[in-house]
Amino acid sequence: MGVTSSSPSGEMSGAVTNAIRQRISQNTVVIYSKTYCPYCTMAKEVFDKLRQPYDLIELDQVQDSEQIQDALGKMTGTRTVPRVFIKGQCIGGGTDTQSLYKQGKLQEMLK
Ligand SMILES: N[C@@H](CCC(=O)N[C@@H](CS)C(=O)NCC(=O)O)C(=O)O
């Protein structure tokens, strides 16, 4: 994310939040995930089925993951993974993604 760990915490969290905002505004679908998380797999499988590309951040494989999760918690009200964004809006986690898909609402959101 290009953020140094030596930044004061306020500056750091602002930079992390800005980086998330930039990412979700530049990609139709963004998934903040962890490689071993079954709910994350559930969300990824839905978009794979739809052949919908997504920007994927595996938080167990990046630096600053705690700060990113904190920022996601503040932005979306939930700190768990996955955090799934469509067109800049958080649609929730894995169960939410699957439920929206089954109702056909996810497909509508992607149009
Ligand atoms: N109901 C949530 C459950 C998500 C959940 O429990 N995720 C776990 C990982 S499998 C989590 O975020 N645990 C805390 C953490 O990894 O920081 C969903 O469907 O997304």
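Visitor: In what order do the 4 strands of the open sheet stand?

Guide: In this predicted model, the 4 strands form an open sheet with mixed pairing. Strands β2 (55-58) and β4 are the edges, each pairing on one side only. Neighbouring strands are turned by 20 degrees against each other on average, direction ignored. The order is β2-β1-β3-β4.

Visitor: Which strands does helix α2 touch, and what angle does its direction make with that of β1?

Guide: Helix α2 spans residues 38-49 and packs on the sheet. The strands touched by α2 are β1, β2 and β3. The direction of α2 makes with that of β1 an angle of about 160 degrees.

Visitor: Which residue in the turn of the β3 and β4 hairpin has a positive phi?

Guide: Strands β3 and β4 (residues 89-92) pair in the antiparallel sense, over 3 bridges. They form a hairpin with 2 residues between them. In that turn, a positive phi of about 50 degrees belongs to K87.

Visitor: Why is the pair of Y32 and F85 edge-to-face?

Guide: A search of the whole structure finds 2 aromatic pairs. In the pair of Y32 and F85, the ring centres are 6.2 Å apart, and planes over 60 degrees apart count as edge-to-face. Because the planes of Y32 and F85 stand at 80 degrees, the pair is edge-to-face.

Visitor: Which strands hold Y32 and F85, and how many residues apart are they?

Guide: Both Y32 and F85 are buried. The pair links distant parts of the chain, with Y32 in strand β1 and F85 in strand β3 (residues 83-86). Their separation is 53 residues.

Visitor: Why is there no bond between the sulfur of C90 and the closest cysteine sulfur, in C40?

Guide: C90 stands opposite F85 in β4 and is partly exposed, with a relative accessible area of 30%. C40, by contrast, counts as buried, at 0% relative accessibility. A disulfide requires sulfur atoms within 2.5 Å, and the structure holds 0 disulfides. The sulfurs of C90 and C40 are too far apart for a bond because their separation is 12 Å.

Visitor: Over which residues is the pLDDT below 50?

Guide: The chain averages a pLDDT of 93, and 92% of the residues score at least 70. The stretch with pLDDT below 50 has 7 contacts in the model beyond near neighbours in sequence. Where pLDDT is low, the predicted coordinates should not be read in detail. The stretch in question is residues 1-6.

Methods: Residues numbered from 1 in each chain as written. Predicted model: local features only at pLDDT ≥ 70, side-chain atom pairs only at ≥ 80, totals over all residues. Heavy atoms only, no water. pLDDT = per-residue confidence, 0-100. Contact = heavy atoms within 4.5 Å. Buried < 20%, exposed > 50% of the residue type's maximum accessible area, 1.4 Å probe, protein only. Phe/Tyr/Trp six-rings, centres within 6.5 Å; stacked < 30°, edge-to-face > 60°. Pairing = 2+ DSSP bridges. Axes fitted to C-alpha atoms, helices over the stretch in contact; angles between N-to-C directions.
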